[in-house]
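Colleague: I should like to learn how to read the features of this model. May we go through them in turn?

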Amino acid sequence: MSEKILVVKGSCRKGSVTNHIWQDALNSVEDIEISVFDAFSEAFAFCNGCNFCEEMGRCIHRDLDGFFKDFENADVVLFSSPVYNGGFSAPVKALIDRFQAYYTSFYKNGKTQPIKKKRKGILLVAAGRGGVVATEDMQKNLKCAFTILNMELAGTVLCANTDTVPDLEKAKEDLKIILKRSLSDE
Ligand SMILES: Cc1cc2nc3c(=O)[nH]c(=O)nc-3n(C[C@H](O)[C@H](O)[C@H](O)COP(=O)(O)O)c2cc1C
């Protein structure tokens, strides 16, 4: 059975560097099922800490049910995001906040993983300038979320200096290596 990759698309910009890099890397992998969640075009609700999930065991909103199904079944989830003001683009951050229902489930059920399948996550970042500190912060955010999502961060790729001279080829190669490694060591 072919492995499943879910891409969280965190830029809708024409000529987006992140989109160019992940599209190129995915073209290099054979026999995979790819689904893409376009965080900018999906008008999903924000988590506002209403605590419905704590009471009822699921989010009050059903608008991400399709995404969560893909998310739970994926072998690899690729989070791609530009650096916007030192962190994720707003829709990607809002998506990460919507993992709250998994968080409440994890603690309510004695730290039992709410998702049965162990998955790998990859972070792809583009930054107009250096982006190192922002990428470290984004990594920290994801690693924290991953503890309650039965995931581990398999690798991070930063394509810096997109305002001037980004090294696109290196970013593409780095992502291909991480992707192939993530798919091979089950
Ligand atoms: C609202 C906004 C905020 C940004 N903030 C930063 C920033 O804090 N640091 C940085 O290095 N680049 C920043 N940038 C530049 C983007 O990270 C850069 O253009 C990146 O290539 C965008 O990703 P994309 O090419 O995939 O769309 C910002 C761009 C926008 C539109």
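Colleague: Which residues come nearest to the ligand?

Modeller: This is a predicted model, in which local features need pLDDT of at least 70, side-chain atom pairs count only at pLDDT 80 or more, and totals for chains, interfaces and linings use all residues. Residues are numbered from 1 along each chain as its sequence is written. A residue is near a molecule if its C-beta atom, placed from the backbone, lies within 6 Å of it. Here 18 residues surround the ligand, and Ser11, Thr18, Pro82, Gly128 and Thr162 come nearest.

Colleague: Which helix gives the most to that shell?

Modeller: Helices are DSSP runs of H or I with at least four residues, and strands are runs of E with at least two, numbered from the N terminus. Helix α1 (residues 17-27) gives the most, with three residues.

Colleague: Which residues of the largest nonpolar core touch the most other members?

Modeller: A nonpolar core is a set of buried Ala, Val, Leu, Ile, Met, Phe, Trp, Tyr and Cys residues joined through C-beta atoms within 7 Å. Buried means 20 or more other C-beta atoms within 10 Å of the residue's own, exposed 12 or fewer, and partly exposed in between. Of the 38 residues in this core, Val8, Leu78, Leu124 and Leu175 touch the most other members. Strand β4 supplies the largest share, five residues.

Colleague: Is lysine 117 buried or exposed?

Modeller: Lysine 117 counts as exposed because it has 11 C-beta neighbours inside 10 Å. Its place is in the loop between α5 (100-108) and β4 (119-126).
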